[in-house]
Amino acid sequence: MVTYEATDTSMNTGYCIFYITIIDDEPPVLECPDDIIGVAPNTSGISITWSEPTYTDNSGNTVILSSTRNSADVFTFGTHNVTYTGIDQSGNSGTCGFEITIEDKEPPVISDCPPDMNWTTSPGVNYTTVTWKEPAADDNAGTPSLLPTHSNGSRFYIGDTIVTYTAEDVYANTATCIFKINVQDIEPPEVLTCPDNTTYSTDSGNPNRSDVNWEIPTFQDNVPGSLVYSSNINPSSNTFQLGTTMVTYEATDTSMNTGYCIFYITIIDDEPPVLECPDDIIGVAPNTSGISITWSEPTYTDNSAKTVILSSTRNSADVFTFGTHNVTYTGIDQSGNSGTCGFEITIEDKEPPVISDCPPDMNWTTSPGVNYTTVTWKEPAADDNAGTPSLLPTHSNGSRFYIGDTIVTYTAEDVYANTATCIFKINVQG
Ligand SMILES: [Ca+2]
Ligand SMILES: [Ca+2]
Ligand SMILES: [Ca+2]
Ligand SMILES: [Ca+2]
């Protein structure tokens, strides 16, 4: 209030009074705490305390503070704005604010993480379908996501595959569950083509066969790629000896599974031995009892170069009688092939028959009234070392003989054409 007074001399006073009012329209200035970051153990939140804001006000008077949240309040996960309002005694208000962020530092927990697993390939393919019990994830801040690198029930190929499940809560805390799936190839290569067992004959004159060939076996495997092949037979050697040889081809996959093709090559000897017999033999026997004849065993050759078993119809030193005898040798090789050779043994009779009682020369006279007579004589006889010989006269005993000399000849001939004669003369006189 401003008062002006004017006093006259009479001491009367006049007044001029007016008021000057000073008002405070300047708001207080509040200084809030810095932003606060806290960590809560779970969704129940955590109590956060802070200092009240400081303030200044031109009035120098007390400022009344109020706030949207109070120190020691419980704050849950997330960011919360706290606003303070200060009102001075003139009703001017100022504000300040800060943020309280409640963080989740705790990663999710994964339960039932599968163990490492060993599987084998499915038939015919290089993978298998793998399933496992799904793990679960929990978190202090609600249900986390849980994502695998590989789908449960998907295909896993040969080798080790790491499967990782990652759980992530809404505050980007993560946890992992890691397990290994090993898939092994236990399927051996499969034989596609394998030669049949085959039988060959030996090459002529040889104990082996030189041109044995076959189609190289083929294999396939559930795992595409290189198979390693081996064989017990050098492919460049196609000569096989007599007998049966097992030929083995192996194909091994990269997991060391092995498939086999086995077949047999049989070389048989169907070539008979060749026998060389002695030359024909001619012997002379003194009589029908025969004579012992000896000879050397045949020689032989056989492609097998093995021993040949000889047998014969007759043996050296056997006794042979007159006549021609065939001797046959049979040689059997160890494969049962037989060859033969033969020769003849002829036992001859070189001894002529012997005629006994050869009649003497005789003198006869004609019978009455005719120019002959009937002549008889004692028949001679013939014998021979080789049986009874024939004995034939030129004239019959008891036949007519005419005047003069007649020569009668008996000829004995054995079956080997040895002959003997008995000759006598018949003289008939008239
Ligand atoms: Ca968490
Ligand atoms: Ca395989
Ligand atoms: Ca043979
Ligand atoms: Ca004789």
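User: Between which two strands is the loop that holds alanine 317?
Analyst: In this predicted model, alanine 317 belongs to a loop rather than to a strand. One flank of that loop is strand S31, residues 309-312, and the other is strand S32, residues 319-320. The two strands asked for are S31 and S32.

User: Is alanine 317 buried or exposed?
Analyst: The backbone of alanine 317 has a positive phi, near 85°, in a residue other than glycine. A residue counts as exposed if 12 or fewer other C-beta atoms lie within 10 Å of its own. Alanine 317 has 9 such atoms within 10 Å, so the class is exposed.

User: What is the phi of alanine 72, which is not a glycine?
Analyst: Alanine 72 lies in the loop between strand S7 (64-67) and strand S8 (73-75). Its surroundings hold 9 C-beta neighbours inside 10 Å, so alanine 72 counts as exposed. Its phi is positive, at about 80°.

User: Which strands stand at the edges of the open sheet with the order S28-S34-S33-S31?
Analyst: This sheet has four strands and mixed pairing. An edge strand has a single partner strand, so one side of it is left without a neighbour in the sheet. That applies to strand S28 (281-284) and to S31. From one strand to the next the twist averages 25°, and the edge strands are S28 and S31.

User: How many bridges join strand S33 to strand S34?
Analyst: Strand S33 covers residues 323-332 and strand S34 covers residues 338-348, and the two run antiparallel. Threonine 324 stands opposite threonine 346 of S34. The number of bridges joining S33 to S34 is ten.

User: In the four-stranded open sheet with the order S36-S42-S41-S39, by what angle are neighbouring strands turned against each other on average?
Analyst: The pairing in this sheet is mixed. S36 (362-365) and S39 (390-393) are at its edges with a single partner strand each, so one side of each has no neighbour in the sheet. With direction ignored, the average turn between neighbouring strands is 20°.

User: In S41, which residue is the bridge partner of leucine 392?
Analyst: S39 pairs with strand S41, residues 404-413, in the antiparallel sense. Four bridges make up this pairing. In S41, the partner of leucine 392 is threonine 411.

User: Which residues does threonine 376 touch, not counting residues up to four places away in sequence?
Analyst: Threonine 376 sits in the loop between strand S37 (372-374) and strand S38 (381-383). It has 12 C-beta neighbours inside 10 Å, so it counts as exposed. Leucine 146, 230 residues away along the chain, has its C-alpha atom 151 Å from that of threonine 376. With residues up to four places away left out, threonine 376 touches Asn397 and Gly398.

User: How many of the six residues of strand S2 are buried?
Analyst: Strand S2 (residues 13-18) runs antiparallel to strand S1 (residues 2-7), with six bridges between them. Valine 2 has phenylalanine 18 of S2 as its bridge partner. The two strands form a hairpin with five residues between them, and methionine 11 in the turn has a positive phi of about 75°. S2 is hardly covered, and its count of buried residues is zero.

User: What is the radius of gyration of the chain, and is the chain compact or spread out?
Analyst: The chain has 42 strands and zero helices. For 430 residues the globule rule gives 22 Å, and the radius of gyration is well over this, so the chain is more spread out than a compact globule. Along the principal axes, the C-alpha atoms fill a box of roughly 265 × 35 × 30 Å. The chain is thus spread out, with a radius of gyration of 71 Å.

User: What percentage of the residues of the chain count as buried?
Analyst: Among contacts with a separation of 6 or more, 64% are between residues 24 or more positions apart. The burial count is taken over the 430 residues of the chain. The buried share is 22%.

User: How far apart are the C-alpha centres of domain 4 and domain 5?
Analyst: The domain assignment places domain 4 at 274-348 and domain 5 at 354-429. Their contact takes five residues from domain 4 and four residues from domain 5. On the domain 4 side, the residues are two nonpolar, two polar and one charged. The C-alpha centres of the two domains are separated by 47 Å.

Notes:
Residues are numbered from 1 along each chain as its sequence is written. Chains are lettered from A and ligands numbered from 1 in the order in which they are written. This is a predicted model: local features need pLDDT of at least 70, side-chain atom pairs count only at pLDDT 80 or more; totals for chains, interfaces and linings use all residues. Two strands pair if DSSP finds at least two bridges between them. Axes are lines fitted to C-alpha atoms, for helices over the stretch in contact, and angles run from 0 to 180 degrees between N-to-C directions. A residue is buried if 20 or more other C-beta atoms lie within 10 Å of its own, exposed if 12 or fewer, and partly exposed in between; C-beta atoms are placed from the backbone. The radius of gyration is taken over C-alpha atoms; the globule rule is 2.2 Å times the number of residues to the power 0.38. Two residues are in contact if their C-beta atoms, placed from the backbone, lie within 7 Å. Domain bounds come from an automatic or database domain assignment. Ala, Val, Leu, Ile, Met, Phe, Trp, Tyr, Cys and Pro count as nonpolar, Asp, Glu, Lys and Arg as charged, and the others, Gly among them, as polar.
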